[in-house]
Amino acid sequence: LQGCGQEQTFSKKDTAIPVTLGRVTSMDVDHTIDQVGTLQANETVMVKSEALGKIKNISFEEGKQVSEGELLVKLDDSKIRAEIEAIKSRIVQYKAELTNTRRDFERNKNLLKDGVINQKTFDDITTKHHVGEALLSEAQANLALAQEQLNDTSITSPFQGFTSERFVSVGDFIGVGDPIVKIVQTDPLKLAFRIPEKYVSSITTEKQVEVRLDAYPGETFSGSIYFVSPDIDTATRTLLVKARVPNSDNRLNPGMFANVTVKIETHPAALVVPWDTLVVKEDEIYLFRVDSEKAQKVAVEVLLVFDRKAEVEGDLTAGTSVVRDGKFSIKDGDTVKEIDQATAAQ
């Protein structure tokens, strides 16, 4: 038997199990929540008439942008202007009459002291003077009211926005409270979404949000939270959150469906491993750390999974080698040797 061949010896290296390796890295990891929400107009108002009258002119077009204070509709104001002129004439008359009664009052006040006139005569003059003052005050109040009514015949936009459907036409006679047109303010837009109650302590005003929409694939818009509801919906165990999203180019529209990402916190210098180094079982999650060609089983807690990576906590340090391919073929304490990915694929 000894002459049949050469004696073979096996070294420790020959029994090593081939594996591919990954590395533990250290990086800042953002923890986020992803929710869905709806874009809403920042302000919406139905412009209504504050005066009676026939529509003389319509100055806006449906779906167009209007500025704050821009004229939308003009009512026929000829009757009000005529009334204003009549009131102004009465005021001139009342002022002239009041000047005369004031002179009579001052003159007869001295005559009463000298006993030239009796008290009744002076009282009549005084009453006439007071009536003149009252008539002038009433006319001035009527003038102010008429001026206000004249202003109400010019219906303007309360803020910058876009007009929606109009409800009137030239020649229509409208009354107080009749709808004219809806104005929608789209810059900025409001974004309403709900978050689970467990995140209530992490959501604060001024926190930034990222917004993605199906209408603009690949693009991300940003906003800032300005409202966090103080009460929780007991049916869904969520609370309402609102953010403002700038929309100066008016690319976004109220009613759009949005995917919202909110950063909850950042873990600085977190330990991150490739996702395919983890062995996930019902009762434990672990990986194999390689020290001096020895595989050491390390239990870990997974904190976050992202981009085929996992943030973990366990007995690891940045730069440590961990087993990728071959992890199911080894056990704690086995000797391993690193091979390249191409060899592992074969």
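**Group meeting: strands, turns and salt bridges**

Thr 238 is buried, with 13% relative accessible area. That is where I want to start. Keep in mind that this is a predicted model. Thr 238 sits in strand β13, residues 238-245. Its side chain makes a polar contact with the side chain of Arg 194, at 2.9 Å. What else is Thr 238 in contact with, once neighbours within four places in sequence are left aside? Besides Arg 194, the list has Ile 195, Pro 196 and Glu 197, then Ile 232 and Asp 233.

Now to β10, which covers residues 179-196. Pro 188 lies in this strand. Look at the bond before Pro 188. The peptide from Asp 187 to Pro 188 is cis, and omega is near 0 degrees.

Next, backbone angles in two loops. Move on to the loop between β10 and β11, where Glu 206 has its place. Glu 206 is not a glycine, yet its phi is positive, near 80 degrees. Is Glu 206 buried or exposed? Exposed, at 59% relative accessibility. The second case is Asn 250. Here phi is near 55 degrees, again a positive value in a residue other than glycine. Asn 250 belongs to the loop between β13 and β14. Its relative accessible area is 26%, and that makes it partly exposed.

Now the sheets. Take the open one with four strands. In what order do they run? The order is β7-β6-β4-β9, and the pairing is antiparallel. At the edges are β7 (154-156) and β9 (173-174), each of which pairs on one side only. Zoom in on β4 and β9. β4 spans residues 53-58. Two bridges join β4 to β9, and the two strands run antiparallel. Gly 53 has Ile 174 in β9 as its bridge partner.

Stay in this area of the sequence for the surface. Leu 52 is in the loop between β3 (25-48) and β4. Leu 52 is exposed, with 56% relative accessible area. Together with Phe 173 and Val 176, Leu 52 makes a nonpolar surface patch of about 370 Å².

On to β18. Its partners are worth listing. β14 runs antiparallel to β18, joined by four bridges. One residue pair to display is Leu 271 with its bridge partner in β18, Val 312. β17, residues 294-306, is also antiparallel to β18, and here six bridges join the strands. Val 300 stands opposite Gly 314 in β18. How many residues lie between β17 and β18 in their hairpin? Two. Asp 307 is in that turn, and its phi is positive, about 45 degrees.

Last topic: charges. How many salt bridges does a search of the whole structure find? Nine. I will go through some of them.

Arg 324 and Asp 276 form one, with N to O at 3.0 Å. Arg 324 is in the loop between β19 (321-323) and β20 (336-338), and Asp 276 is in the loop between β14 (257-274) and β15 (279-280), so the bridge ties together parts 48 residues apart in sequence. How covered are the two side-chain owners? Arg 324 is partly exposed at 28% relative accessible area. Asp 276 is partly exposed as well, at 27%.

Then there is Arg 289. Arg 289 forms a salt bridge with Asp 291, and the closest N and O atoms are 2.8 Å apart. Arg 289 counts as buried, at 15% relative accessibility. Asp 291 is partly exposed, at 33%. Arg 289 also meets Asp 315 in a salt bridge, 3.3 Å from N to O. Why does this pair tie together parts 26 residues apart in sequence? Because Asp 315 lies in the loop between β18 (309-314) and β19, while Arg 289 lies in strand β16, residues 285-291. Asp 315 is exposed, at 56% relative accessibility.

One more group. Lys 74, Asp 77 and Arg 81 are joined into one network by salt bridges that share partners.

To recap, two residues for the viewer. Start with buried Thr 238 and its polar contact to Arg 194. Then go to buried Arg 289, with Asp 291 and Asp 315 as its salt-bridge partners.

Definitions and conventions
Residues numbered from 1 in each chain as written. Predicted model: local features only at pLDDT ≥ 70, side-chain atom pairs only at ≥ 80, totals over all residues. Heavy atoms only, no water. Salt bridge = Lys/Arg side-chain N within 4 Å of Asp/Glu carboxyl O. Buried < 20%, exposed > 50% of the residue type's maximum accessible area, 1.4 Å probe, protein only. Pairing = 2+ DSSP bridges. Patch = residues over 30% accessible without salt bridge, like charges linked within 9 Å, V, L, I, M, F, W, Y side chains within 5 Å. Areas by Shrake-Rupley, 256 points an atom, 1.4 Å probe, with all protein chains shown as cover. Polar contact = N/O pair within 3.5 Å; in protein donor to acceptor, adjacent residues only side chain to side chain. Contact = heavy atoms within 4.5 Å.
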